[in-house]
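Welcome! Please look over the sequence and the model below, then try the exercises that follow.

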Amino acid sequence: MALRNIRYMGDEVLNKKCKEVKEITPKLLQLVDDMIDTMYEANGVGLAAPQVGILKRIVVIDVNMEEPEPIVLINPVILETSGEQTGSEGCLSAPGKVGMVTRPNYVKVKAFDTDMNEFVLEGTELLARAICHECDHLDGILYVEHVEGELMDADAVSSEE
Ligand code: ZN
């Protein structure tokens with residue numbers, strides 16, 4: 001297991017647009033593994049490559065609370081969204097903070113897996129939220145830009161969730 005250092009808000013790497021992955025290399029596969037380990041270690045439901053300082057279009061997500069079921073999205077493109085959900089959202093790059101964000105309730109995304117096979121993934125609720133949040137990271141957008149009202153301390157609102 002190898003952990004990467006998570007970059008925090010204020011680090012300019014988080015505001016940059018990421019480049020498409022052109023080929024799968026052993027180094028890239030190692031990065032994906034490290035991102036998954038880092039996400040679990042930090043108890044996150046998603047992590048994007050720029051959050052560990054790498055400007056490539058790679059996202060890992062796992063919204064399954066029961067057992068690990070990591071999803072890897074390489075060069076993801078959101079094809080379709082519908083509905084709306086408003087809820088509290090946080091980010092591993094802004095630890096201890098949450099804010100209310102409205103996202104689509106359904107998202108359809110296409111991406112490549114680690115064999116560079118294209119696939120389509122559909123998600124609702126938390127998965128839809130995670131896909132939108134992580135794909136935003138690849139364009140240098142942080143969830144705080146979408147927050148309605150103010151950022152709050154996670155401790156203060158945890159009782160409401
Ligand atoms: Zn984030």
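Helices here are DSSP runs of at least four residues, numbered from the N terminus. Keep in mind that this is a predicted model.

**Exercise 1. Find the residue just after H2 that takes a positive phi.**

Solution. Begin with helix H2, which covers residues 125–138. Just past H2 comes glycine 140, and its phi is positive, at about 75°.

**Exercise 2. Work out the strand order of the open sheet and name the strands at its edges.**

Solution. Step one: the sheet has five strands, paired antiparallel in the order E1-E2-E3-E6-E7. Step two: strand E1 (46–48) and strand E7 (118–124) each have a single partner strand, so one side of each has no neighbour in the sheet, and these two are the edges. Step three: from one strand to the next, the twist averages 40°.

Now zoom in on one pair. Strand E3 (residues 71–82) and strand E6 (residues 106–112) are joined by six bridges in the antiparallel sense. In one of these pairings, serine 82 has tyrosine 106 of E6 as its bridge partner.

**Exercise 3. Check whether the span of H2 is as expected or not, then see how H2 is placed.**

Solution. Step one: H2 has 14 residues, and at 1.5 Å a residue the helix should span 20 Å. Step two: the C-alpha atoms at its ends are 21 Å apart, which agrees. Step three: H2 lies across E1, E2, E3, E6 and E7, running at about 155° to E2. By comparison, helix H1 (residues 26–41) lies across E1, E2 and E3, at about 35° to E2. Step four: twelve of the 14 residues of H2 are buried, among them Cys132, His133 and His137.

**Exercise 4. Which protein atoms are donors of the zinc ion, and where in the chain do they sit?**

Solution. Step one: the protein donors are Cys91 (SG), His133 (NE2) and His137 (NE2), at 2.0 to 2.3 Å from the zinc ion. Step two: along the chain they follow the spacing C-x41-H-x3-H. Step three: cysteine 91 sits in the loop between strand E4 (85–89) and strand E5 (97–103), while histidine 137 belongs to helix H2, 46 residues apart. Step four: cysteine 91 has 10% relative accessibility and therefore counts as buried; histidine 137, at 1%, is buried too.

**Exercise 5. Why does cysteine 132 form no bond with the closest cysteine sulfur?**

Solution. A disulfide is a covalent bond between the sulfur atoms of two cysteines. For cysteine 132, the closest cysteine sulfur is in cysteine 135, 7.2 Å away, which is too far for a bond. The structure as a whole holds zero disulfides.

Note on methods: Residues numbered from 1 in each chain as written. Predicted model: local features only at pLDDT ≥ 70, side-chain atom pairs only at ≥ 80, totals over all residues. Heavy atoms only, no water. Pairing = 2+ DSSP bridges. Axes fitted to C-alpha atoms, helices over the stretch in contact; angles between N-to-C directions. Contact = heavy atoms within 4.5 Å. Expected span 1.5 Å × (residues − 1). Buried < 20%, exposed > 50% of the residue type's maximum accessible area, 1.4 Å probe, protein only. Disulfide = S-S within 2.5 Å. Donors = N, O, S within 2.8 Å, 3.2 Å for Na, K, Ca; no water.
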